[in-house]
Amino acid sequence: MTVSPTPSAVLQCNGVERRFGGLVAVTDVDLRIDRGEIFGLVGPNGSGKTTLVNAITGFYPPQKGRIFLDGEDITGMKPHLVARRQVARTFQNLALFNGMSVLDNILLGRHVHLQPSISKTVLYWWLGQPQEIEHRRVCEEIIEFLQLQGVRDEPVESLSIGLKKRVELARALVAEPTFLILDEPMAGMNQEEKEYMARFVLDARDERGITVLLIEHHMDVVTGICDRIMALNYGEVIGTGLPRDVVANPRVIEAYLGKGHQHAA
Ligand SMILES: Nc1ncnc2c1ncn2[C@@H]1O[C@H](COP(=O)(O)OP(=O)(O)OP(=O)(O)O)[C@@H](O)[C@H]1O
């Protein structure tokens, strides 16, 4: 059967499946995220959230189904080519470079905009310098946006977890994405840090027009800032819709929100 993308969708997945050997990590996932949405992806540990993101971003291409970005079929596309289509992501585990300053870590996020060439290197002052000035301008703008001015020159390893996660968000934002994927950006944070991060995610959408896919276990945040959410369990979709409807869905309550499920705070 031929599947075609919905025009308003930034991201669309049709029947996506990814297996690892005999393990079906995600199966039959249909997903549509519209422009300007903050879309939450929830589910117990091991339910397939990161695998779905890895399928979208090209790290683990799906074995079945199609993935469309802005109407273009990106199924199986290499990660660097997906990144060039203005998709940025943060990772579940912190991926910052210790020994480097906050500013230098953030500057690394500009790599998708680097256009290295021998002529630009040789003729740096004429050709390369304007590019570098632009990279620094964007970084300074994002540092101000995320209120990181006070720590911009600090070594990244000296920061609290809340600030480290904010540096990761900054590194993703300097790539100037139109679609941002955040994998547990609030993990390990205290209440105040969570509230700051939630505010920054809302501002990224409201002020910068970025569409967001948010994986998060903190259900207070998910229900507070997401327009719609999807719940996975054992790789299958068990509910999609408005947050209030999905959290009231008996399958979701049983799989994820009921007693004894450690992460559904
Ligand atoms: N590279 C891999 N090789 C083998 N199995 C994998 C791989 N990546 C994920 N899996 C398996 O796929 C299933 C889904 O894992 P995944 O990390 O996507 O879940 P998750 O919902 O993101 O979990 P968590 O909330 O703990 O991050 C798990 O059973 C996991 O062990």
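Start by selecting T178: this residue is partly exposed, because 16 other C-beta atoms lie within 10 Å (20 or more would make it buried, 12 or fewer exposed, with C-beta atoms placed from the backbone). You're looking at a predicted model, where local features need pLDDT of at least 70, side-chain atom pairs count only at pLDDT 80 or more, and totals for chains, interfaces and linings use all residues. Residues are numbered from 1 along each chain as its sequence is written.

T178 sits in the loop between α6 (161–173) and β7 (179–183); helices (H or I, at least four residues) and strands (E, at least two) are DSSP runs, numbered from the N terminus. Leaving out residues up to four places away in sequence, T178 touches Q86, I210 and T211, with contact meaning C-beta atoms, placed from the backbone, within 7 Å. Now add M189: it is 11 residues from T178 in sequence and 26 Å away in space, C-alpha to C-alpha.

Next, pick the open sheet, with four antiparallel strands in the order β2-β1-β4-β5. β2 (23–34) and β5 (72–73) are at the edges with a single partner strand each, so one side of each has no neighbour in the sheet. Strands count as paired if DSSP finds at least two bridges between them; β1 (residues 9–20) and β2 have eight, in the antiparallel sense. Zoom in on F20, whose bridge partner in β2 is L23.

Keep F20 and L23 selected and show the ligand: both are among the residues around it, as are A25, K49 and Q92 (C-beta atom, placed from the backbone, within 6 Å). Which element gives the most to this shell? Colour α1, which supplies three residues.

Methods:
Contact = placed C-beta atoms within 7 Å.
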